[in-house]
Amino acid sequence: MKRPTFAGGIHPPGHKWMTAAAPTVAADVPDRLYIPLSQHIGAPCAALVVVGDQVKKGQVIGRGGGFVSSLIHASVSGTVVGIEVMEHPGGSFVPTVIIENDRREEWAETVRPCSDPSALEPARIREIVQEAGIVGMGGATFPSHVKYAPVEGTQVEAVILNGVECEPYLTADHRIMLERPQRIVAGLSYIMRSVGCARGIIAVEDNKLDAAEALGAAAASLPGVTVTVVPEKYPQGSEKQLIYACTGKEVPPGALPIAVGVLVNNVGTAAAVADAVELGTPLIERYLTVSGDGVARPANYLVRIGTLFGELAAQSGGYLDGVERIVAGGPMMGRTVFTDQVPVVKGTSGIVALTGGQLPKGREYPCVRCAKCIDACPAFLAPTSLAKFARRSAWEEAEMADVMSCIECGSCVYVCPAAIPLIQYIKRGKQAVLAARAAGTATGKG
């Protein structure tokens with residue numbers, strides 16, 4: 001039977017073999033942890049602690065001023081020894097709480113299990129998710145309690161859990177689906193209850209049939225929940241493309257999934273929701289992959305938030321000769337970091353070390369008009385035209401050509417024979433359009 005998918009996309013080498021069979025291990029907890037006060041989309045947090053304070057594991061140490069924000073918690077017990085502006089793996093510099101680990105692993109008094117999770121009302125589940133500081137763990141880091149909040153005039157008809165993990169090298173989601181399927185399914189049930197939805201879909205690519213089987217068994221007794229297997233293709237895990245593959249619904253340009261009655265969460269997010277609702281534990285650790293041809297022993301880890309990339313590389317046997325790039329996330333949509341002295345945050349799905357042999361080479365050439373980028377684009381855009389508008393600073397034309405619908409998946413760059421950095425041009429166009437909108441400048445499109 002032909003499996004559902006989306007138009008466009010590419011098939012880059014997955015390199016999943018390096019870690020797909022590697023069971024998750026608990027990473028060593030370092031002597032110092034560096035916890036940024038901004039690990040989410042929305043208002044950054046202000047520190048609730050000062051240098052010299054004693055903190056406990058799970059204690060709230062940062063709180064934002066707006067609804068679209070997420071609490072920050074201490075991932076160990078110990079002493080606050082600094083609050084400094086440090087580099088964030090997302091590329092910015094943010095205030096960061098530095099905690100000296102006392103190795104006592106004392107939990108905060110606020111961390112308490114729920115005696116009867118089945119009795120929780122939807123509003124209380126959303127409150128627990130907010131108190132736990134849970135965000136989208138697939139990389140988007142949108143605060144989950146905001147996503148679950150009721151939107152007037154809409155109804156969630158289906159909750160999709162994203163277990164696709166289509167980025168090359170990354171296998172942490174695959175491992176959590178194999179190792180914690182019951183927790184994922186439990187989290188899905190709480191998410192469905194929090195939004196008043198009776199239908200749940202767990203989407204898994206067909207290169208992870210063992211995970212699909214494990215999740216299917218775990219969900220067998222949960223009414224309304226099914227496992228959908230989709231073809232291995234990049235970027236199958238992108239929100240709008242996944243919605244189409246699972247439901248046949250198309251999210252209109254500029255609209256959110258709720259416009260078609262769908263809510264999408266990562267499988268890791270669902271597991272975190274289950275732990276928060278049942279055990280009271282906030283989001284202080286996450287699954288991630290350390291991989292690439294530039295690291296000695298690729299592995300999957302359960303890592304405390306605030307652990308430096310360099311600490312994990314050392315636990316993986318260190319770097320090999322010839323490493324030229326370290327990527328936070330996957331190589332297609334991740335971000336290159338210029339030092340491994342940056343911390344793991346809630347959205348860090350992987351750390352990929354690449355040697356020169358795995359990096360694109362050559363200079364940019366003129367467009368040869370082959371249209372490969374158009375064929376590959378899952379958003380039905382003309383990337384080469386958008387790049388041309390960006391070169392000419394023709395922001396009105398870029399907006400009229402729907403530059404804001406680009407999901408920045410990099411498929412166009414991957415197939416371009418002229419080595420044109422299309423995504424960099426398109427990002428510049430999106431930034432200019434957003435700046436014009438913020439300034440109230442007309443750009444030609446509503």
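**Exercise 1. The end of helix α1 and its buried side**

Identify the residue that follows α1 with a positive phi, and determine which residues of α1 are buried.

*Solution.*
Step 1. Helix α1 is followed by Gly133, which has a positive phi near 70 degrees. This angle, like every value below, comes from a predicted model.
Step 2. Within α1, which spans residues 122-131, the buried residues are Ile125, Arg126, Ile128 and Val129.
Step 3. These residues lie on the same side of α1, because the arc they cover around the axis is only 160 degrees.
Step 4. The cover over the buried residues of α1 includes α2, α4 and α7.

**Exercise 2. The pairing of strand β15**

State in which sense β15 and β17 pair and over how many bridges; then describe how β15 is joined to β16.

*Solution.*
Step 1. Strand β15 comprises residues 323-328 and strand β17 residues 350-355; five bridges pair them in the antiparallel sense.
Step 2. One residue pair places this register: Val323 has Thr355 of β17 as its bridge partner.
Step 3. Strand β16, residues 335-337, runs antiparallel to β15 and is joined to it by three bridges. Here Val327 stands opposite Thr336 of β16.
Step 4. The hairpin of β15 and β16 has six residues between the strands, and Gly329 takes a positive phi near 100 degrees in this hairpin.

**Exercise 3. Salt bridges between separate parts of the chain**

Determine how many salt bridges the model contains. For Glu239 and Lys147, establish which elements the pair ties together; then list the salt bridges of Asp275 with Arg180 and Arg183.

*Solution.*
Step 1. The count comes to 19 salt bridges, under a rule that requires a side-chain nitrogen of Lys or Arg within 4 Å of a carboxyl oxygen of Asp or Glu.
Step 2. Glu239 and Lys147 satisfy this rule, with their closest N and O atoms 3.8 Å apart. Glu239 belongs to helix α6 (residues 239-247) and Lys147 to helix α2 (residues 144-148), so their salt bridge ties together parts separated by 92 residues in sequence.
Step 3. Both residues are partly exposed: Glu239 has a relative accessibility of 31%, and Lys147 one of 27%.
Step 4. Arg180 forms a salt bridge with Asp275, the closest N and O atoms being 2.9 Å apart. Arg180 lies in the loop between α3 (172-179) and α4 (181-195), whereas Asp275 lies in helix α7 (residues 267-279); the pair therefore ties together parts 95 residues apart in sequence.
Step 5. Asp275 has a relative accessible area of 14% and is therefore buried.
Step 6. Asp275 also forms a salt bridge with Arg183, with 3.4 Å between the closest N and O atoms. This pair links helix α7, which holds Asp275, to helix α4, which holds Arg183, across 92 residues.
Step 7. In addition, Lys57, Glu105, Glu285 and Arg304 are joined into one network by salt bridges that share partners.

**Exercise 4. The cysteines of the annotated binding site**

Determine which residues UniProt lists for "binding site", and what the largest C-alpha distance within this set is. Then describe the surroundings of Cys406 and Cys409.

*Solution.*
Step 1. The unreviewed UniProt entry lists Cys377, Cys406, Cys409 and Cys412 for "binding site".
Step 2. The set is spread over 36 residues of sequence but clusters in space, the largest C-alpha distance being 10.6 Å.
Step 3. Cys377, Cys406, Cys409 and Cys412 are included in the lining of the largest cavity.
Step 4. Cys406 is located in the loop between α11 (395-400) and α12 (411-415). Its relative accessibility is 11%, and buried means under 20%, so Cys406 counts as buried. Beyond residues up to four places away in sequence, Cys406 touches Leu381, Ile423, Ile426 and Lys430.
Step 5. Cys409 is likewise in the loop between α11 and α12. Cys409 is buried, with a relative accessible area of 6%. Its contacts, leaving aside neighbours within four places in sequence, are Tyr234, Pro235, Met332, Met333 and Pro378.

**Exercise 5. The setting of Ile10**

Decide whether Ile10 is buried or exposed, and find which residues are in contact with Ile10.

*Solution.*
Step 1. Ile10 is placed in the segment before β1 (25-26).
Step 2. With a relative accessible area of 5%, Ile10 is buried.
Step 3. Apart from neighbours within four places in sequence, Ile10 is in contact with Lys233, Tyr234, Met332, Ala376, Ser411, Tyr414 and Val415.
Step 4. Ile10 and Tyr414 are 404 residues apart in sequence, yet their C-alpha atoms are 8.2 Å apart in space.

Methods
Residues are numbered from 1 along each chain as its sequence is written. This is a predicted model: local features need pLDDT of at least 70, side-chain atom pairs count only at pLDDT 80 or more; totals for chains, interfaces and linings use all residues. Side-chain values use heavy atoms; hydrogens and water are left out. Helices (H or I, at least four residues) and strands (E, at least two) are DSSP runs, numbered from the N terminus. Buried means under 20% relative accessible area, exposed over 50%, partly exposed in between (1.4 Å probe, protein chains only). Contact means heavy atoms within 4.5 Å. UniProt positions are given in the numbering used here, feature names are shortened, and annotations may be inferred rather than shown by experiment. On a 1 Å grid over the protein atoms alone, a cavity is a set of points where a 1.4 Å probe fits but cannot get out, and a pocket is an open set with protein on both sides within 12 Å along at least five of seven lines; lining residues have an atom within 4 Å of a point. Two strands pair if DSSP finds at least two bridges between them. The arc is that of the directions from the helix axis to the C-beta atoms.
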